[in-house]
Amino acid sequence: MIPTCLLLTLCIAGVIIGVVLGTKTKTTKYVCDTSFRPDNVFNTGKYPSSSVLDDFDGDTYVDVAIANSQENSVTLLLGGDKEKVFRNTRPDTGATPSVMISVDLNNDTKIDLVVVNTIGHSISVLIGVGDGIFLTAVTYGVGLSPYGITAADFNNDNQLDLAVTNQNDGTVSLLFNSGNGLFLTNTSFPVDRYPYVILSGDFNGDNNMDLAVSYSDNPYIHVLFGFGNGSFNTPIPYDTGYYPLCMITVDLNNDKKLDLVALNSLDDTITVLLNNEGGSFTPSTISSIGQGLVALTTSDFNNDSKADLALVNSGISYMSVLLGNGDGTFPSIILCPYDERALNIIAADFNNDNKIDVAIVNDIYYGITVLLGTGYGNFTTGITYRTGEYSNWLISYDFNSDNNQDLALVSQENNNILVLLGNGNARFQAALNNTVGAYPDHVISADFNNDNKKDLLVVNQNDATIGVLFGHGDGFFDTPINYTVSSTPLYAVAAYFNSDNILDLAVVNSIGYSISVLFGTINGTFEIQPPYPTKEFPTCVISADLNKDGKQDLIVANQNNKTISIFFNNGSGSFIYSNDYNVSRMPSSIAAADFNNDNNIDLAVTNSGANTVSVLINNGNGSFGIARSFIVGSTPYRVSTNDFNNDRNIDLVVVNSGSNSVSLLFGFGNGSFQNQIPYQTGANPTSVVTGDFNKDNKSVHYHIPHINPFNLDDIPTEYRSMLAINYLSSTDDDLNGWFTYFQYEVAIYRQAMRRIILDVIQFRHQHKILVSANMNLQSKIKKYLFDEKAELLNKIDSIDKSVRLFNLF
């Protein structure tokens, strides 16, 4: 008999040698007592009511789709962010973001964002994924109270660098691009006090990038000629009005030299600086163009190939359009009214009619007004989009490469960015946000059209429909195809009902007192079947094979009579009512799993009127015993199952809408559960999904066979064969097989070691049984180590230290 310590040594040695020899191993699982910790909060739409996990963009990371009931939409959060799990459609910035620019910093042809954080004394760089989504911001410190920012290649290394004005210390910070969008080198130089706007361009034609800086407390600007090595000449001043708080570069007279236009907010004037040969400027002033001027932009608004200007004011709700004469003068002014108080303005073609439009950020009602250009210098009535939050800066770009202009705004109050994707018709929608039917209440995912891309199905409560959205495989979806079911649908399930290997649907209709069944076709369309009547106010439907006939049955929760109903599938997709089972007051949701490890599907039901979850154990034929209830939080709304602590027993997690919490109930594996462990959530939680969000192999049900190491009959055949006496080969591949088996043993040992604290004697008894069962395997490992891999013996000696750590023998 091999001593116990030696056997444990060999088990651990097997794992280590497997690593040394490059063995592909499975991750060892550990029983976890503290399963969850609070993490990040993500913005969704209004009243998120349901969610589903899947990989919607094909990057192997778990994504989540969320139904937003009060805005009739489904929002996606894409996984893959190393720090925050999900790549939020509202990426965070630093404190008080003020100005933002769009530029490709890492040369991947996908646009990135750089945001200036005034209170945070920093800038945030957000690398674009290419679909309107941006990675978590990388923050770089600059000077005090930064405001203006520009991007250009200041040191002629073919990488875009950044220049930032710092108001409170009178400096300009230069951040040099390392070539991949990282800024590892920076410097600064002094200018006058309160520098504000900063622009870049080659003003003197020497192929080196120069700078122009305006000031919030001085009636002039500075032009600084660059040397091409990241340094600049002495600033050259040019007078403006009081005070140049907005400035742009544009070629006003078609001489292929960049001119400057400064808006003077106190004077309500603009200063035009025409670029002469060699980079000197000739200033002129234009007045009587508005009151309370706050921002300007430039484009060709009347299609005459001459640059025009558009200005907005904060006092009177109209926009001033100055039509250019092509020589730096503006003989015509057109006043275009709109109904908001402006903060900023940009110009682009938002409806793809080859006529320039404008988008204006509004102050009082917090939104964006889009004025559509006619091509003659005037504009039609605006379309206003309410964002509900304050922003004084916006930019336009085609962020998702669909040839439509999109918008991005900074949110000062929330310290994040709002990206609105355009559809080419001057309509905008938040990134990864899909419009669906009225009051979507439930969402599920599956591949309905058999193209190996995940699709979505949304249950629209208020218009008696379900909507199917076919996925593109990149996180984006087609417009929904809607099917009318019955009154007030609440919940849906997808399964194979009629044995054609094509996904079908079942939808529970609460006010319709029915189940709608829809048979799927190969192309993802559905054929509506006659409904099945239910009890009053059904709230949930799920499917499972309850009677082990290989067919998916239906289980329905009936809110008004405290029961669930069972409908057995006859194999053709028709369902036969079987029985009702009592639960408790107002059952709201159902989950199915094997709670007592007898290979039969059991049921868990949340009772929102009783603050309990009822567990019903399957008798093996689809009938159930008396429900046993477990206390959870207030108004339990949804229930889900998984093995959260890796003990191979199914656990429950319950969403409690009334107590703003989720309850975690660890299963004992016999149909019973521990007392709830509550976790606080946000207000009125409505849905819970479980998955391995950060790829740490936790919080997911792992797929290791459930074996009894003390009974060789329970070991899977592929591992049992490794115990054969006539093991013909001694290659590394065979050793891999042996050590794979050893890893199963080590995983089991880890669980046993946890329990041994309570019962050392029982562990030793089990250990001796295991030693006896594995004598043949021990002999082979010993022979392999000593006869063919002698050089590894030194490795085994080091195991003694590891064994002592267990302090068990």
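Colleague: What is the strand order in the open sheet of four strands that has antiparallel pairing and includes strand 43?

Modeller: The order is 43-44-45-46 in that open sheet, with antiparallel pairing. Strands here are DSSP runs (E, at least two residues; helices are H or I, at least four), numbered from the N terminus. The model is predicted: local features need pLDDT of at least 70, side-chain atom pairs count only at pLDDT 80 or more, and totals for chains, interfaces and linings use all residues. Residues are numbered from 1 along each chain as its sequence is written, and side-chain values use heavy atoms, with hydrogens and water left out.

Colleague: Why do strand 43 and strand 46 count as edges?

Modeller: Strand 43 (538-544) and strand 46 (575-582) each have a single partner strand, so one side of each lacks a neighbour in the sheet. The twist averages 20° from one strand to the next. Axes for that angle are lines fitted to C-alpha atoms (for helices, over the stretch in contact), and angles run from 0 to 180 degrees between N-to-C directions.

Colleague: How do you know that strand 45 pairs with strand 46?

Modeller: Two strands pair if DSSP finds at least two bridges between them. Strand 45 (563-569) and strand 46 are joined by seven bridges and run antiparallel, so the pair meets the rule. Asn-569 has Phe-575 of strand 46 as its bridge partner.

Colleague: What is the order in the open sheet that includes strand 25?

Modeller: Four strands in the order 25-26-27-28, with antiparallel pairing. Strand 25 (342-348) and strand 28 (383-386) are its edges, each pairing on one side only. Here the twist averages 20° from one strand to the next. Strand 27 (367-371) is joined to strand 28 by four bridges, with Gly-367 opposite Arg-386 of strand 28.

Colleague: Why is strand 19 called largely enclosed?

Modeller: Seven of the seven residues of strand 19 (269-275) are buried, so the rest of the structure largely encloses this strand. Buried means under 20% relative accessible area, exposed over 50%, partly exposed in between (1.4 Å probe, protein chains only).

Colleague: Which way do the residues of strand 19 point?

Modeller: In a regular strand the side chains alternate between the two faces of the sheet. In strand 19, Thr-269, Thr-271, Leu-273 and Asn-275 point one way, and Ile-270, Val-272 and Leu-274 point the other way.

Colleague: What flanks strand 19?

Modeller: Strand 18 (259-264) pairs with strand 19 in the antiparallel sense over five bridges, with Leu-263 opposite Ile-270. These two strands form a hairpin with four residues between them, and Asp-268 in the turn has a positive phi of about 55°. Strand 20 (281-286) pairs with strand 19 over six bridges, also antiparallel. The hairpin of strand 19 and strand 20 has five residues between them, and Gly-278 in its turn has a positive phi of about 90°.

Colleague: What makes Thr-109 stand out in phi, and is this residue buried or exposed?

Modeller: Most residues other than glycine have a negative phi, and most peptide bonds are trans. Thr-109 has a positive phi of about 65° although it is not a glycine. Thr-109 sits in the loop between strand 5 and strand 6 (112-117). At 73% relative accessibility, Thr-109 counts as exposed. Asn-450 also has a positive phi, about 55°, and is partly exposed at 39%.

Colleague: Which peptide bond is cis, with omega near -15°?

Modeller: The bond from Tyr-242 to Tyr-243. Tyr-243 is in the loop between strand 16 (236-239) and strand 17.

Colleague: How many disulfides does the rule give?

Modeller: The count is zero, where a disulfide is a pair of cysteine sulfur atoms within 2.5 Å. Cys-246 is buried at 14% relative accessible area, and Cys-540 is buried at 0%.

Colleague: What lines the second largest pocket?

Modeller: A pocket, on a 1 Å grid over the protein atoms alone, is an open set of points for a 1.4 Å probe with protein on both sides within 12 Å along at least five of seven lines; lining residues have an atom within 4 Å of a point. This pocket has 39 lining residues, with Met-100, Met-247, Ile-248, Trp-393 and Ile-395 nearest its centre. Strand 21 gives the largest share of the lining, six residues.
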